[in-house]
Structure formats: structure tokens, C-alpha cells
Amino acid sequence: MRRAVCPGSFDPVTRGHLDIIGRSAKLFDEVIVAVLMNQAKQGLFDIDERLEMLRHTTKELPNVRVESFQGLLVDFCRDQGAQIVIKGLRVASDFDYELQMAQTNIRLSGVETLFMPTNPIYSFIASSLTKEVAKWGGDVSTYVPEFVERRLAEKLRAARSG
Ligand code: PNS
């Protein structure tokens, strides 16, 4: 069984993430999308909301499973029997940080990282920018699927009224 992990914060999942997940699903028997539960960083969406959005937007991909994890990514990979981590690279400036993480992970455990170039139509998309644009009423329909767009609007409405 060739099993790969696509890790990230996914706060929220974007069309860029889904491009990488979908292409990975064609290359591996199983792809596990792994959402980091990061105590040090409070996101806009809680973990259950991120999982729900990911599960909804990947439901047409039968060999994709969505899970959360905490601690080291390499420990999660070992527990799941996954040999490969897949990371999308949008622009050259992503590379330095991603290289450092990949080298740390191989040193810690032997888990390999494969870099996949993002489809250029998505290379400008980031979760952080999506939240910023949505917060000020901008159109994020090119950034995220409709389901996520609705969740974003609800979340921001609730934040404004509460
Ligand atoms: O979407 P992000 O925030 O860029 O994802 C970063 C993520 C979750 C892939 C990275 O922070 C991670 O792997 N965290 C788990 C902790 C870990 O294993 N750290 C050591 C490897 S650098």
C-alpha cells in the first residue's frame, strides 16, 4: 500500500490545497490529509470545522481520508503507515522553509517529502489571504470552493455580531 500524507493547517482549505490533494490521490493508493492541531496558534476555524470542510470538499475522492494530528508529523506518518509527505510549492519563496522541514523530517525518521508544483492558476492563493479578503467583503470565489465560501461568510458574520 503506497500511502502519502498531505499535512497543513487548512484554516480553511483552499482550491490550491485541493489541487495538490487531488493530484496526489492519482499517484498513491491512499492519501491522508492531516490537519495540525496547533495549540500555539489560534485559527479562525476550529479543528472540527476544518475537518468538516475538508471532508466535504474531498468527498468525491474515495482514496482520500481526512484526520487531525498533534505532535510531530513524522510520528503521525509512522502511526498511519505512511512513507511519504507531499507538499505543494506555490512560489520560490515557499522553498526555503519547506526544504528545512523536509530535511528535519528525514533526519528524524526517514520519512521522505515530495514537492509538487502548484498549478499556476492557484499559485497566488493562501489561506491567510483568503481570510483577509473575505473579512473586508472581497470576492473569494476563485480562492475557495463554494462550501468553504459559505462557511467563511457565516464565521465572519458571527464574529462581527458576537
Ligand atoms: O499549512 P502549514 O501551517 O504551512 O502546515 C505546516 C505543517 C503542519 C505541515 C508543519 O507545521 C508541521 O508538520 N507541524 C508538525 C510539527 C512537526 O512535525 N515539526 C517538525 C517538522 S518541521
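Reader: Which residues lie nearest the centre of the largest pocket, and how many residues line that pocket?

Author: A pocket can be read first through the residues that line it. In this predicted model, the largest pocket has a lining of 46 residues, and those nearest its centre are Pro7, Gly8, Ser9, Phe10 and Lys87. Its volume is about 1,400 Å³.

Reader: Which elements give two or more residues to the lining of the largest pocket?

Author: The lining can next be traced back to helices and strands. Two or more residues of the lining come from each of β1, α1 (15-27), α2 (47-57), β4 (84-89), α4 and α5 (127-135), and α4 contributes the largest share, with 8 residues. Sorted by class, the lining is made up of 20 nonpolar, 17 polar and 9 charged residues.

Reader: What takes up the space of the largest pocket, and which residues surround the ligand?

Author: The largest pocket is the space taken by the ligand. Around the ligand stand Pro7, Gly8, Ser9, Leu36, Phe69, Gly71, Leu72, Leu73, Lys87, Met101 and Asn105, where a residue is counted if one of its heavy atoms lies within 4 Å. Of the accessible area of 550 Å² that the ligand has on its own, the protein covers 73%. Two or more residues of this shell are supplied by each of β1 (3-8) and α4 (93-109).

Reader: How many nonpolar, polar and charged residues does the shell around the ligand have?

Author: The shell can be sorted by class in the manner used for the lining. For the ligand, the shell holds 6 nonpolar, 4 polar and 1 charged residues.

Reader: Which side chain has an N or O atom 2.6 Å from an oxygen atom of the ligand, and which residue has a polar backbone atom 2.8 Å from a ligand oxygen?

Author: Here it helps to keep side-chain and backbone partners apart. The side-chain partner is Ser9, whose N or O atom is 2.6 Å from an oxygen atom of the ligand, whereas the backbone partner is Leu73, with a polar backbone atom at 2.8 Å from a ligand oxygen.

Reader: Where does Phe10 lie, and what is its phi?

Author: Backbone angles are read residue by residue. Phe10, which is among the residues nearest the centre of the largest pocket, is found in the loop between β1 and α1, and its phi is positive, about 50 degrees, although Phe10 is not a glycine.

Reader: Which residues does a cis peptide bond join, and what is its omega?

Author: The angle to read for a peptide bond is omega. The cis peptide bond joins Asp11 and Pro12, with an omega of about 5 degrees, and Pro12 lies in the loop between β1 and α1.

Note on methods
Residues are numbered from 1 along each chain as its sequence is written. This is a predicted model: local features need pLDDT of at least 70, side-chain atom pairs count only at pLDDT 80 or more; totals for chains, interfaces and linings use all residues. Side-chain values use heavy atoms; hydrogens and water are left out. A polar contact is a pair of N or O atoms within 3.5 Å; within protein, one must be able to donate a hydrogen and the other to accept it, and residues adjacent in sequence count only if both atoms are side-chain atoms. Accessible areas come from the Shrake-Rupley method with a 1.4 Å probe; for residues, only the protein chains shown count as cover. On a 1 Å grid over the protein atoms alone, a cavity is a set of points where a 1.4 Å probe fits but cannot get out, and a pocket is an open set with protein on both sides within 12 Å along at least five of seven lines; lining residues have an atom within 4 Å of a point. A molecule sits in a cavity or pocket if more than half of its atoms lie within 2 Å of its grid points. Helices (H or I, at least four residues) and strands (E, at least two) are DSSP runs, numbered from the N terminus. Ala, Val, Leu, Ile, Met, Phe, Trp, Tyr, Cys and Pro count as nonpolar, Asp, Glu, Lys and Arg as charged, and the others, Gly among them, as polar. Grid points are joined across faces, edges and corners, and a volume is the space filled by probe spheres set on the points.
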